[in-house]
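Me: I have a structure to go through with you. I want the reasoning behind each label, kept short.

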Amino acid sequence: MKRMVAGAAALACFLTAQPIPAQACTTFCVKAGDSVLFGRNYDFEIGGGALFVNTRGLKKRGFAPNGPEWAAAYGSVTFNQFGRDFPMGGMNEKGLVVELAWLDVTEYPAPDNRAELGVLEWIQYQLDTAATVADVVKSNAAVRISGVAPLHYLVSDPTGAAATIEFLGGRLVVHTNESLPVTVLANTSYEDSLRFWRRKGESSLPRGSGSEARFARTATQLGTMTGVSGRQAIDRAFSILGNVAQRSTRWSIVYDQTAQIVYFRTDTHHDVRLLQTSALNFSCSGPVRLVDLDLKAGGDISAHLVPYSAEANQLLVNKNYRASSVTRRTPPSEIQAIADHPALATCSSKESAPDRVD
């Protein structure tokens, strides 16, 4: 039963019989002036969720029976729909960003002696323990990602280092440095997307909502970021996201990884809101906090953060499991186990260095 629960959590917002465009997402990373920015559109059938402020110093264990144990070295801000510690993406206090996208051809590694992490908690593990892109790549030697939902990831840190993380044919495939000429990821493999863009011409703006067309438009438009900085760069990044948005786009997010500010807007509230993560208290002596993504407020939302509670997490999990056609048939006992899982985390006095499976 526990393994069935782990599978349900891993699938949370992605296992569906709908056409792939329903899961389409677009992500990119770009240098603008002295800043490194990361943009993402999150596309799904429902948009309800919460922004979590996760503390450092928490001792955690993976959801699967053979999952790893670790202490969170870094606090983070994440966007969650199906409960705490199962994020769709986020940024930690070191400025590392991890975001997912659907990739139909994904094939995860076969079971081995590595500790197992679901496809969503893998994101939280990286934000908890990794300071750099190199740290994320290195972790593959110790933890094994597992799930049915086929995903790939774009990761970036404030130095401008970036990497695509894909699992093809049961093995890790990483594009970084010279093998990552443009830092964009949509819903086809990076190699196929890059080949399409180059074949169409690197200055082209192909129409349509298909993955390769969105990749090509985004890659070409990154050139418009040259010479812009500050809020103009943030606005330009949102403009690029707007150009590749679809009817299913629920959240548009821009991370300023240099200034450590998260900007976002949702389909139900288009005003851009922000959270200055460098001003947050990430110590586990204070509470995990959260705010509803549908909050009708503009500007800085730090004053609207409220302390986490098991009841709030339960409401979030129940609401979205019922709302999504993907998850509404999940047995109540499994939903309860997912909602209860964060209670296993305990505060540690060790907050200064990663304590991870390596």
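Me: What makes Thr 106 buried?

Reply: First, a caution: this is a predicted model. Thr 106 has a relative accessible area of 13%. Buried means under 20%, so Thr 106 is buried.

Me: Where does Thr 106 lie, and which residues is Thr 106 in contact with, leaving aside its neighbours within four places in sequence?

Reply: Thr 106 lies in the loop between β8 (97-102) and β9 (115-118). Beyond those neighbours, Thr 106 is in contact with Pro 150, Leu 151 and Phe 167.

Me: How do you know that the side chain of Thr 106 makes a polar contact with Leu 103?

Reply: The cut-off is 3.5 Å between N or O atoms. The side chain of Thr 106 reaches the backbone oxygen of Leu 103 at 2.9 Å. The backbone oxygen of Leu 151 is another partner, 3.2 Å from a polar atom of the Thr 106 side chain. Both distances fall within 3.5 Å.

Me: Why is Asp 85 called buried?

Reply: Its relative accessible area is 9%. The limit is 20%, so Asp 85 is buried. Asp 85 lies in the loop between β6 (76-80) and β7 (87-92). Its phi is near 75 degrees, a positive value in a residue other than glycine.

Me: Is Asn 177 buried or exposed, and what makes it so?

Reply: Asn 177 has 57% relative accessibility. Exposed means over 50%, so Asn 177 counts as exposed. Asn 177 also has a positive phi, about 50 degrees, although it is not a glycine. Its loop runs between β13 (171-176) and β14 (184-185).

Me: Why does Gly 298 count as partly exposed?

Reply: Gly 298 has 47% relative accessibility. Partly exposed covers values between the 20% and 50% limits, so Gly 298 belongs there. Gly 298 is in the loop between β18 (289-292) and β19 (299-300). Its C-alpha atom is separated by 5.1 Å from that of Arg 273, 25 residues apart along the chain. Not counting residues up to four places away in sequence, Gly 298 touches His 269, Val 272 and Arg 273.

Me: What makes α4 roughly perpendicular to α5?

Reply: The axes of α4 (residues 190-200) and α5 (residues 211-221) cross at roughly 65 degrees and come within 9 Å. Roughly perpendicular runs from 65 to 115 degrees, so α4 is roughly perpendicular to α5. Their crossing is right-handed. Among the residues that meet are Tyr 190, Leu 194 and Trp 197 in α4, and Phe 215 and Ala 219 in α5. Those five residues also touch Val 182.

Me: Why is α7 called oblique to α8?

Reply: Helix α7 (residues 310-323) and helix α8 (residues 332-340) pack at about 140 degrees, with their axes 9 Å apart. Roughly antiparallel needs over 145 degrees, and roughly perpendicular ends at 115. The angle fits neither class, so α7 is oblique to α8. This crossing is right-handed. Where they meet, α7 brings residues including Val 317 and Tyr 321, and α8 residues including Ile 335 and Ile 338.

Me: Which residues have the most contacts inside the largest nonpolar core?

Reply: They are Leu 51, Phe 79, Trp 122, Tyr 153, Val 182 and Met 225, in a core of 91 residues. Helix α6 (residues 230-243) gives the largest share of this core, 6 residues. A second, separate core has 9 residues, including Phe 52, Cys 284, Val 288 and Tyr 308.

Notes: Residues numbered from 1 in each chain as written. Predicted model: local features only at pLDDT ≥ 70, side-chain atom pairs only at ≥ 80, totals over all residues. Heavy atoms only, no water. Helix = DSSP H or I, 4+ residues; strand = E, 2+ residues; numbered from the N terminus. Buried < 20%, exposed > 50% of the residue type's maximum accessible area, 1.4 Å probe, protein only. Polar contact = N/O pair within 3.5 Å; in protein donor to acceptor, adjacent residues only side chain to side chain. Contact = heavy atoms within 4.5 Å. Core = buried A, V, L, I, M, F, W, Y, C linked by side-chain atoms within 4.5 Å. Axes fitted to C-alpha atoms, helices over the stretch in contact; angles between N-to-C directions. Parallel < 35°, antiparallel > 145°, perpendicular 65-115°, else oblique. Left-handed = near helix turned anticlockwise from the far one by under 90°.
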